[in-house]
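Work through the exercises below with the model open beside you. Try each task before you read its solution.

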Amino acid sequence: PPFLKESQIMVTHINSPLDFYIQLIDNVDLLILTRNMFELYNGKDANLEILCPVVGQACAALFDDGGWYRCQINGLPGHRDVDVKYVDYGNTARIPAANLRKLKRD
């Protein structure tokens, strides 16, 4: 948004008073991206599965709400789990590697 323009926001995650994530309430682009990812990744496309996750890799991850979101792999703790950071919202989670998919350019 333009500088000094009032905008409505939503705080999506807080790490500390100096490290937090926000989203613009009227961010249509993020809503469209979220819907498109839900439609794309809810299919069973074996070509999108990540068989060997790598720290730093950008991908899509299934969240608790059943939606797919962009993330980055931050750790490989073992037992077929990965640590991810949901890049659009700021939160982190440990999830099964089976819940990761390659990002498509679409």
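**Exercise 1. A pair in the helix**

Which residue forms a salt bridge with Glu-39, and how far apart are the closest N and O atoms?

Solution. Start with the ground rules. This is a predicted model, in which local features need pLDDT of at least 70 and side-chain atom pairs count only at pLDDT 80 or more, while totals for chains, interfaces and linings use all residues. Residues are numbered from 1 along each chain as its sequence is written, and side-chain values use heavy atoms, with hydrogens and water left out.

Step 1: recall the test. A salt bridge is a side-chain nitrogen of Lys or Arg within 4 Å of a carboxyl oxygen of Asp or Glu.

Step 2: apply it. The partner of Glu-39 is Arg-35, with the closest N and O atoms 3.8 Å apart.

Step 3: place the pair. Both residues sit in helix H1 (residues 28-41); because they are 4 residues apart there, about one helical turn separates them. Helices (H or I, at least four residues) and strands (E, at least two) are DSSP runs, numbered from the N terminus.

Step 4: check exposure. Buried means under 20% relative accessible area, exposed over 50%, and partly exposed in between (1.4 Å probe, protein chains only). Glu-39 is exposed at 54%. Arg-35 is partly exposed at 47%.

**Exercise 2. The chain as a whole**

Find how many helices and strands the chain has, and give their order.

Solution. Step 1: count. The chain has 1 helix and 7 strands.

Step 2: read from the N terminus. The order is β-β-α-β-β-β-β-β.

Step 3: add the dimensions. Along the principal axes, the C-alpha atoms fill a box of roughly 45 × 30 × 20 Å.

Step 4: add burial. Of the 106 residues, 26% count as buried.

**Exercise 3. Two more salt bridges**

Locate the salt bridges made by Asp-88 and Asp-83.

Solution. Step 1: know the total. The structure holds 3 salt bridges.

Step 2: take Asp-88. Its side chain meets that of Arg-70 in a salt bridge of 2.5 Å, N to O. Asp-88 lies in the loop between E5 and E6 and Arg-70 in strand E4, so this pair ties together parts that are 18 residues apart in sequence. Asp-88 is buried at 16% relative accessible area. Arg-70 is partly exposed at 32%.

Step 3: take Asp-83. Its side chain and that of Arg-94 meet in a salt bridge of 2.7 Å, N to O. Asp-83 lies in strand E5 and Arg-94 in strand E6, so the pair ties together parts that are 11 residues apart in sequence. Asp-83 is partly exposed at 22%. Arg-94 is exposed at 54%.

Step 4: look around Asp-88. Contact means heavy atoms within 4.5 Å. Leaving aside neighbours within four places in sequence, Asp-88 is in contact with Gln-23, Leu-30, Leu-33 and Arg-70.

**Exercise 4. An arginine without a salt bridge**

Is Arg-101 buried or exposed, and which side chain of opposite charge is nearest?

Solution. Step 1: find the residue. Arg-101 is in strand E7 (residues 100-101).

Step 2: look for a partner. Arg-101 is buried yet has no salt bridge; the nearest side chain of opposite charge, Glu-49, is 5.0 Å away. Lys and Arg count as positive and Asp and Glu as negative; His and the chain ends are not counted.

Step 3: see what the side chain does reach. The backbone oxygen of Ala-98 is 2.7 Å from the side chain of Arg-101.

Step 4: list the surroundings. Beyond its neighbours within four places in sequence, Arg-101 has contacts that include Tyr-41, Glu-49 and Trp-68.

**Exercise 5. Two loop residues**

What is the sign of phi at His-79 and at Arg-80?

Solution. Step 1: read the angles. Phi of His-79 is near 55°, a positive value in a residue other than glycine. Phi of Arg-80 is near 65°, also positive in a residue other than glycine.

Step 2: place them. His-79 is in the loop between strand E4 (68-78) and E5. Arg-80 lies in the loop between E4 and E5.

Step 3: check exposure. His-79 is exposed at 77% relative accessible area. Arg-80 is exposed at 76%.

How values were computed: Polar contact = N/O pair within 3.5 Å; in protein donor to acceptor, adjacent residues only side chain to side chain.
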